Amino acid sequence: MALSRGWLTDLAVLRHGGSSVEEHPDHLLVRTPANPTFHWGNFVLVTDASAVDDAERWRAVFADAFPAAEHVAIGLARLPDAEPWRAAGLVVETDDVLFTETLPEQRPLADGYVVREPDPGPEGDAEWEALVALDLAENARTREHEPQGYEVFVRRQVAGHRRLVAGGVMRWFTAVTDTGEPAASLGVVLCGDLARYQSVGTHADHRRQGLAGHLLGVAARWAQARGATAWVIVTETTNPAGRLYRSVGFHEDAVQVAVTRA
């Protein structure tokens, strides 16, 4: 079973957070009881490349494993024939897995910003709550997700990030204005000798300031000091942020394939 660095680090991050990974000969069942609405914490990963076109089988496997789920999330070892999936009411999507063994470039920090690392304890409550608000504001702008359910998901996700930071396997970096308003943030998780970036985002009012480029470098150096020798980031194939990641040293390593409900 040869998985891409994207799936390998996905699974490592999930295990750090308490998810279970149940192994079968041709697939994995991943469950995250602490966040049941987290689609990519509760999914089937098909590891047999020869089996990825069997949409009906894998839809049944997912339904049997997650009978109460309102979502469908199935990862695939390679690009399939999309038609059987489309006929089943599902959509095939791709992400780019980007990788580098060279320390990513750290862009200068723009004037008027400082970098903070939210404390995982009670002292950091206000900073973590500000990050929740930042995520919810972006969703309100894009209307990508149903607001009430998305807030439940985000709060559970942020609580999980805080636990990983407290456990020492993750660090969170935030660029804030001189008034303390969060403008950009990201996390990085240690996965053996790989470091995996998480949730890279910049507020719409603070884009084109180079903030993400600076934070990518800060996080890379934190991970390097703790033994990381390579860095992984996964982004939607259509995400223009991919240009930034490539400009600081990343290159394409694999295409990661996922199937979701239409």
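A residue is called buried when its relative accessible area is under 20%, and partly exposed when that value falls between 20% and 50%. With this in hand, the predicted model can be explored, beginning with one of its helices.

Helix H6 covers residues 211-224. Its 14 residues reach 20 Å from the first C-alpha to the last, close to the 20 Å expected at 1.5 Å a residue. Twelve of these 14 residues are buried, so H6 is largely enclosed by the rest of the structure. The buried residues are Leu211, Ala212, Gly213, His214, Leu215, Leu216, Gly217, Val218, Ala219, Ala220, Trp222 and Ala223. What covers them includes five strands and a helix, namely strand E6 (113-116), strand E7 (170-177), strand E8 (182-191), strand E9 (194-202), strand E10 (230-236) and helix H7 (241-247).

The protein is divided into domain 1 (5-96) and domain 2 (113-228). The C-alpha centres of domain 1 and domain 2 lie 25 Å apart, and the contact takes twelve residues from domain 1 and twelve residues from domain 2. Together, domain 1 and domain 2 bury about 1,100 Å² between them, with 62% of it on carbon and sulfur atoms. On the domain 1 side, Thr9, Val13 and His16 lose the most area to domain 2, together 44% of what that side buries. Polar groups take part as well: five residue pairs are in polar contact across the interface of domain 1 and domain 2, and one salt bridge is found across that interface.

Asp10 is a residue worth following. The side chains of Asp10 and Arg196 meet in a salt bridge, with N and O 2.9 Å apart. The side chain of Asp10 also makes a polar contact with the side chain of Gln256, at 3.0 Å. Gln256 lies in strand E11 and has a relative accessible area of 5%, so Gln256 counts as buried. Leaving aside residues up to four places away in sequence, Gln256 touches Ser4, Gly6, Trp7, Asp10, Glu93, Thr94, Asp95, Val97 and Val234.

Side chains of opposite charge can pair when their charged atoms come close. In this model the count comes to 16 salt bridges. One of them joins Asp253 to Arg5, the closest N and O atoms being 2.8 Å apart. This pair links distant parts of the chain, with Asp253 in strand E11 (residues 251-261) and Arg5 in helix H1 (residues 5-16), 248 residues apart. Asp253 is partly exposed, with a relative accessible area of 28%, and Arg5 is also partly exposed, at 28%.

A further salt bridge brings together the side chains of Arg78 and Asp53 (3.5 Å, N to O). Arg78 lies in the loop between strand E4 (73-76) and helix H3 (82-87), and Asp53 in the loop between strand E3 (43-46) and helix H2 (55-65), so the pair ties together parts that are 25 residues apart in sequence. Arg78 is partly exposed at 34% relative accessibility, and Asp53 is partly exposed at 32%.

Two helices are linked by the salt bridge between the side chains of Arg162 and Asp125 (2.8 Å, N to O). Arg162 belongs to helix H5 (residues 147-167) and Asp125 to helix H4 (residues 125-142), 37 residues apart. Here the partners differ in their surroundings: Arg162 is buried, with a relative accessible area of 18%, whereas Asp125 is partly exposed at 41%. Finally, salt bridges that share partners join Asp96, Arg246 and Glu252 into one network.

Terms used: Residues numbered from 1 in each chain as written. Predicted model: local features only at pLDDT ≥ 70, side-chain atom pairs only at ≥ 80, totals over all residues. Heavy atoms only, no water. Helix = DSSP H or I, 4+ residues; strand = E, 2+ residues; numbered from the N terminus. Expected span 1.5 Å × (residues − 1). Buried < 20%, exposed > 50% of the residue type's maximum accessible area, 1.4 Å probe, protein only. Contact = heavy atoms within 4.5 Å. Salt bridge = Lys/Arg side-chain N within 4 Å of Asp/Glu carboxyl O. Polar contact = N/O pair within 3.5 Å; in protein donor to acceptor, adjacent residues only side chain to side chain. Domains from an automatic or database assignment. Buried area = accessible area lost by both parts, 1.4 Å probe.
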